[in-house]
Amino acid sequence: MRNRLLFLLCGFLLVFPVSAGENRFDGTTFTISSNVALPIRVHYGGKTLTISSYQYTTYTRISNATITDAHGYNCIYRHTYDSNSGSKGNYVHHYYNITGVYSSSSSSDGYNNSSSSSSNWPRKEKKERDSGPYVWDERNMPEFYPNLHLRVGFSPLWGEYVDLKLHVGHGMGFTAFGGVGYDWVCYRDRSMPIDPNTGKRTMSIDKMTWNAGIGFTAMYQGDWLDLEYDITTALVVGRTTTYAPCSMLADFSSTFFVGNTGVFGFYIGAGLGGTIEKSIRFQWDARFGIAINFMQFNWF
């Protein structure tokens, strides 16, 4: 019972930032890539807003803007919004994700996606990209990465678990994750010792699991089903449902974010490895679940 309460408490502490971090007020948030020269100037409705930081939020709704960098070049950006009308209050919050600038000779090419009802880059070069190798550029750079997101899922090796996964980088980068679980469904009684008095397997072994991993990840902006997703390979260590003190696996997984905001998604994964004991035992894993993206940043 104590371990169940500990598991539920960890899950609550991980989920809490999701609700606490939502923008439930009128305003506009600007996220600016580090390759854009600051300060930027946002021209809207006959006014000018000067921004000198890479993350900025104002309580003013800005739905139609022209944005220039410190050198006067027009910025490349994506404009989306989040709105709510109901019992929880009425609000409209706009988002500008600024990823680069045009040169003076290409500032009128029209790649800015300033329509507030859309969240995808115009696909002017889709045919060229489909016919050749995939190349990361300002128009297919993932918007929802880098990020810190929560995963809630099921695995025969980790049980029912929650973990936090950090993605660092744009296009290509590194990932680190860790979490805890509890084995309610895959109760591996065959791994438990036999009681010499009853001849039955005991039920007293702690079913808590934990895992931590680090690896390499590639992030994509969705020509495939219009999703943003990553492909991650990692080395994972932890305590599994087989109750080995520690196991190590080579892990492969992908997370897919859906919708205009990229808050929710799903993930799948698989792994191969063995226990770290005197006698090594083979172990495999297959897992799936939901992903909740509650922190996006461009610090790296």
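F297 lies in the segment that follows strand 15, the strand spanning residues 282-296. In this predicted model, F297 has a relative accessibility of 5% and therefore counts as buried, the cut-off for that class being under 20%. Although F297 and T31 are 266 residues apart along the chain, their C-alpha atoms are separated by 7.8 Å. Once the neighbours within four places in sequence are set aside, the residues in contact with F297 are P146, N147, L148, L166 and H167.

The chain as a whole gives the setting for this residue. Its secondary structure consists of 2 helices and 15 strands, and 45% of its 300 residues count as buried. Among the contacts in the chain with a separation of 6 or more, 61% are accounted for by residues 24 or more positions apart. The area that the chain exposes is about 15,300 Å², of which carbon and sulfur atoms supply 60%.

From here the description turns to the interior. The largest nonpolar core has 15 residues, and the members that touch the most other members are F30, I40, V42, I62, I67 and I98. At least two residues of this core are supplied by each of strand 1 (27-32), strand 2 (40-44), strand 3 (47-51), strand 6 (75-84) and strand 7 (91-101), and it is strand 2 that gives the most, with 3 residues. The surroundings of F30 can be listed in full: not counting residues up to four places away in sequence, F30 touches V42, L49, I51, Y54, Q55, Y56, T58, I62, I67, Y96 and I98. A second core, separate from the one just described, is made up of 8 residues, and W158, A234, V236 and L249 are included in it.

The surface offers a counterpart in nonpolar side chains. V258, F264, F266, I268 and F288 form a nonpolar patch there, and together these residues have about 480 Å² of accessible area. Strand 14, which covers residues 264-275, contributes the largest share of the patch, namely 3 residues. F264 is found in strand 14, and because its relative accessibility is 51%, F264 counts as exposed, a class that requires a value over 50%. Two phenylalanines thus illustrate the two classes, since F297 at 5% relative accessibility counts as buried, whereas F264 at 51% relative accessibility counts as exposed.

Notes: Residues numbered from 1 in each chain as written. Predicted model: local features only at pLDDT ≥ 70, side-chain atom pairs only at ≥ 80, totals over all residues. Heavy atoms only, no water. Helix = DSSP H or I, 4+ residues; strand = E, 2+ residues; numbered from the N terminus. Buried < 20%, exposed > 50% of the residue type's maximum accessible area, 1.4 Å probe, protein only. Contact = heavy atoms within 4.5 Å. Areas by Shrake-Rupley, 256 points an atom, 1.4 Å probe, with all protein chains shown as cover. Core = buried A, V, L, I, M, F, W, Y, C linked by side-chain atoms within 4.5 Å. Patch = residues over 30% accessible without salt bridge, like charges linked within 9 Å, V, L, I, M, F, W, Y side chains within 5 Å. Salt bridge = Lys/Arg side-chain N within 4 Å of Asp/Glu carboxyl O.
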